[in-house]
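Trainee: Before we look, could you take me through the reasoning behind the terms, one step at a time?
Mentor: Gladly; ask for the grounds of each one as we go.

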Amino acid sequence: MIDRRTTASLLALAATGLLVLSGCSGNAQGGEGDGGSPGRNITMIVPFSAGGGSDLAGRAIAQGLEDVTGSTVTVENIVGGSGAVGYSDLLAKEGDGTTLLASETALMTLPVVQDVQFSHESFTPIMKVGEDYNIVVVAADASYETCMDVVDAAAESSLTAAVSGATGPDHIAWSLIEDQHDISLERVTFESSAEVTAALLGGHIDVAATSPGEIVGQLESGDVKPLCALAPERYEYELLADVPTGAEQGIDVTFAQWRGFIAAGGVSEEHEQYWIDAAREYAETDAYETYIEDNMLQPQVLYGDEFRRYLDEYRQQVEAVLGDE
Amino acid sequence: MMSEAGQPVRRAPTKSDAVGTAFLAAIGAVALVMGLGYGMFGDGGQVGPGFLPSVAGAFIVVASAAELLRMYVAADRIRAAAAQERPAGDERDTFGRTANERTFAVTQVFGIVFAALLLVPVAGLLLSLAAMVLVITVWVERKPVLPAVLCTAGSLGLAYAVFVQFLGVPVPTGTLGLL
Amino acid sequence: MFDNLQLGLETAISPENLLWCFVGVMLGTVIGMLPGLGSATGVAILLPVTLGMEPVTALIMLAGIYYGSQYGASTSSILISTPGDSSSVVLTLDGYQMARKGRAGAALAVAALSSFLAAVISLIGLMALARPIADLALEFGPPENLAVILLGLATIVSFAGENMLRSLIMAAVGLLISMVGVASGFTTARFTFGNVNLLSGLDFVAVMIGIFAIGEVLQQIHRGGDPPIRARFRDLMLTKDEFRRSIAPAFRGTGLGFGLGVLPGAGATLATFMSYGLEKQVSKNRKEIGKGAVEGVAAPEASNNAAANASFIPTLSLGIPGSGTTAVLLGAFVIFGLQPGPQLFDQQPDLVWGLLVSFFFGNLLLLILNLPLAPVFAQVLRVPYSYLYPIILFMALIGAFAIGNNTFALWVVFGAGVFGYFMKRFDFPAAPLVLGLVLGPLLERSLVQTSSMGRGNLLILFERPISATLTVAAILAILAPVLLRAVRRRRRSALTSEREEIRQ
């Protein structure tokens with residue numbers, strides 16, 4: 001049977017068609033709303049293409065904010081320059097409280113490595129939604145049992161470590177480990193976590209550090225073996241609860257990819273506070289919890305100035321590793 | 001003349017033909033030099049960021065030079081083959097243009113597209129492109145105004161329906177903010 | 001397996017799923033026909049539309065868009081020589097030539113039939129052997145991928161024919177264009193001249209639109225345009241002879257496409273080029289290929305569809321995308337709360353098998369739609385070019401913008417259009433350029449990875465059995481035509497000298 005939802009969707013399609021025919025766009029311009037709201041029509045820039053991790057985060061946050069504020073939050077994927085084009089677009093919106101951007105580590109690495117016009121100080125940080133730490137994984141039949149085994153083996157002979165991107169958080173994490181233990185790993189750079197996983201499963205590389213959400217399928221099936229989590233605390237998810245932290249095994253490195261959202265630079269304090277309040281409300285919802293759990297993040301939330309201080313520290317770490325390359 | 005199969009019927013080498021090939025050689029040379037600047041190899045002898053650009057650039061230089069040479073060595077043979085081709089005199093084509101008018105039309109279309117793109121930040125993407133269609137059909141193709149307007153309105157409507165309404169593409173509306 | 005098939009059939013045949021499958025293939029066809037909007041962009045843009053649906057329904061529709069847009073992309077390649085996707089570039093060779101000869105309907109029909117054949121065969125392979133094939137695909141690490149790409153580049157030689165040198169130059173130019181931006185594995189920004197838009201390189205779809213849509217249009221104006229086709233409707237139908245000639249190439253294309261499609265990366269595009277090259281070597285009508293031969297449409301189109309289906313093998317059985325479009329689909333899995341990975345087949349059998357069975361229906365729908373519509377679509381060619389080309393320019397430019405919602409793409413299209421126009425005027429072929437453009441990043445990536453794995457020593461290519469075999473095959477593919485020519489020449493001269501002896 002064709003159920004109600006189908007009928008509704010078909011009607012929506014037909015309505016779109018009618019709308020087109022009548023040539024009416026019905027673009028209601030949002031004026032100044034109440035309670036310091038910057039407007040009813042909000043844009044959420046996602047600086048990467050649809051279907052990726054940033055897009056998932058951007059759409060989840062946009063939906064969450066829509067639910068708590070009642071405004072319309074439209075996601076726009078503005079793609080190019082490894083994220084730089086989207087950030088540059090926000091840079092041009094100086095003082096505009098109606099444009100947000102789903103941000104992540106690229107905001108920190110791009111200004112260090114590339115010649116771009118912005119840094120994290122150009123924008124107004126609103127909310128850090130969560131942290132995506134790396135877990136060190138090897139193929140199921142590898143002889144290593146702990147992260148220290150890997151470090152010891154790397155001191156003896158040359159190991160290959162797969163990283164996703166030359167400036168990715170996994171690359172930075174490995175660099176920190178190398179400095180701490182005076183070892184050196186041969187990096188093999190892949191385009192995405194999925195390719196890293198494939199290379200690990202095929203036995204083409206020795207070890208990888210990847211965010212758990214990217215490899216949960218292989219963890220469940222037992223095709224890869226987690227050694228340690230490069231996180232301050234163990235994960236609470238059932239699948240990862242038994243995975244010790246790096247610190248437990250003598251590797252005191254934690255480095256995460258964070259996710260969050262920012263507003264344009266120079267927005268009024270009123271608008272900044274409006275978005276922080278909305279973000280606090282969003283963090284209390286079930287939708288927020290679902291997003292965090294589906295993507296196996298750690299829900300370490302920061303707002304406004306705290307988030308800004310976190311970014312300042314983060315910048316120093318990134319600079320220490322990538323600045324001299 | 002060029003067939004779509006990438007199997008051209010050889011024309012006699014013209015001066016512009018040689019200029020084109022030499023231009024490619026120049027691109028190759030620039031790529032080679034810049035590539036060397038990016039570094040051919042890393043610390044441990046790994047392939048570096050300049051490796052493939054340099055190799056591709058060097059290849060283009062060598063191959064273009066060989067092609068230039070071949071063009072002049074084989075010129076006679078090619079000229080003979082070219083004699084059978086469609087004469088490019090003042091015979092009128094399907095657009096009703098002579099060869100000279102055709103070359104001018106190409107320049108016109110290039111100019112109109114360029115102008116339309118410059119107009120995008122002001123008039124928005126859809127209107128600029130619609131203006132482009134109208135100007136080309138009326139001015140370059142000298143079509144009657146009514147069908148040209150219909151054609152423009154049709155493509156504007158189609159683009160609006162598909163891209164804006166259905167796909168939800170955030171098409172820039174420019175400073176005029178009309179469409 | 002038959003239990004699973006039945007389960008899948010039950011899911012796929014529900015009116016709701018059938019309906020959305022139909023909507024998906026229709027939308028896909030339209031999207032594919034628009035220059036610049038290929039399957040990956042199409043699925044990405046329409047992903048939000050499906051958010052309110054059941055997961056299985058949404059995935060069925062998105063997959064429908066995927067293969068629907070491939071049918072559509074072939075249509076625009078054949079009719080107006082503006083491919084929507086890199087994997088339909090090869091169709092602009094013989095498909096467009098057929099259209100110019102008044103055989104557009106036949107070309108479209110052959111494309112639809114060989115796509116359908118390839119889809120059915122590759123689906124059977126996908127259903128029966130997904131897991132073992134996926135495990136085999138994992139054996140392909142960076143050195144093996146490098147060897148496959150070298151083999152792909154070697155096929156340019158078979159493409160080239162008389163103007164080998166120009167083909168090779170264009171392939172190298174394509175490589176060079178693909179090198180713009182920050183390379184995989186490095187932080188150095190190359191050829192960007194301080195423009196942030198160039199950091200991630202020139203979008204190859206925008207370059208392709210420029211070269212094909214804009215370059216082709218201006219070239220048509222320059223050389224005076226081809227007359228509108230005046231063929232009668234029934235002359236547009238496929239003849240028996242054309243049908244017979246397409247069968248073997250379609251089967252060969254399917255095989256090649258299936259094999260390459262399993263590998264992540266440029267599977268489909270590479271497969272179309274290689275199967276075209278193969279036909280040029282083995283087909284009985286190889287002399288006709290390039291001038292509008294039906295074999296040159298059947299083989300690449302079959303390999304394109306087989307590769308698209310095969311790319312679902314690593315996607316569904318490992319959670320590792322086999323192509324750009326399946327990567328977007330994997331994103332959709334996560335949005336719908338499904339965990340892609342090795343256990344998907346066990347945990348979500350109704351979803352996976354429902355999706356797979358829906359491929360049959362989708363392709364059948366496309367065949368039913370496209371066969372009778374082929375002559376109708378071909379009517380586009382009756383539109384006077386003076387009206388048609390401004391519309392092509394319009395659609396090409398807005399399509400380029402929609403790739404990343406970035407106006408910089410418009411200038412890329414324009415620049416590539418100027419380049420493409422002069423390229424065509426000076427008899428430099430476009431197809432090798434596209435091959436270089438598509439394979440460039442993959443070549444560089446696997447080259448850099450292989451050299452890292454070998455700690456700077458590329459000879460590990462020859463230390464691994466698969467990569468060694470493929471590399472040797474690539475070298476042979478480059479040398480073979482040269483050797484063959486030498487052998488033939490010697491035989492011919494031997495023959496003439498024999499004749500001369502007899503005469504004496």
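**Contacts and rings**

Mentor: In this predicted model, 14 residue pairs are in polar contact between chain A and chain C, both residues of each pair being at pLDDT 80 or more. On the side of chain A that touches chain C, the elements giving two or more residues include helix H1 (4-22), helix H7 (193-201) and helix H8 (212-221) of chain A, and H8(A) provides the largest share, six residues. That side of chain A divides into 21 nonpolar, 21 polar and ten charged residues.

Trainee: What makes A:Glu195 and C:Arg445 a salt bridge?
Mentor: Their side chains meet at 3.5 Å, N to O, and the rule asks for a Lys or Arg side-chain nitrogen within 4 Å of a carboxyl oxygen of Asp or Glu, so the pair qualifies. The count of salt bridges between chain A and chain C is two.

Trainee: How many residues of each chain take part in the contact, and how much area do chain A and chain C bury?
Mentor: The contact takes 52 residues from chain A and 50 residues from chain C, and the two chains bury about 4,000 Å² between them, with 59% of it on carbon and sulfur atoms.

Trainee: Turning to the rings, how many aromatic pairs are there over all chains?
Mentor: The count comes to 24 over all chains. One of the pairs is formed by A:Trp258 and A:Phe307, with 5.5 Å centre to centre and 85° between the planes.

Trainee: Why is the pair of A:Trp258 and A:Phe307 called edge-to-face?
Mentor: Centres within 6.5 Å make a pair and planes over 60 degrees apart make it edge-to-face, so 5.5 Å and 85° meet both conditions. The pair links distant parts of the chain, as A:Trp258 lies in strand S10 and A:Phe307 in helix H11 of chain A, 49 residues apart.

Trainee: How do you know whether A:Trp258 is buried or exposed?
Mentor: Its relative accessibility is 0%, and buried means under 20%, so A:Trp258 counts as buried. A:Phe307, also at 0%, is buried by that rule.

Trainee: Why is the pair of B:Tyr38 and C:Phe191 said to join two chains?
Mentor: B:Tyr38 lies in helix H1 of chain B, whereas C:Phe191 lies in the loop between strand S2 and helix H9 of chain C, so the pair joins two chains. The relative accessible area of C:Phe191 is 11%, which is under 20%, so C:Phe191 is buried.

Terms used:
Residues numbered from 1 in each chain as written. Chains lettered and ligands numbered in written order. Predicted model: local features only at pLDDT ≥ 70, side-chain atom pairs only at ≥ 80, totals over all residues. Heavy atoms only, no water. Contact = heavy atoms within 4.5 Å. Buried area = accessible area lost by both parts, 1.4 Å probe. Polar contact = N/O pair within 3.5 Å; in protein donor to acceptor, adjacent residues only side chain to side chain. Helix = DSSP H or I, 4+ residues; strand = E, 2+ residues; numbered from the N terminus. Nonpolar A, V, L, I, M, F, W, Y, C, P; charged D, E, K, R; others polar. Phe/Tyr/Trp six-rings, centres within 6.5 Å; stacked < 30°, edge-to-face > 60°. Buried < 20%, exposed > 50% of the residue type's maximum accessible area, 1.4 Å probe, protein only.
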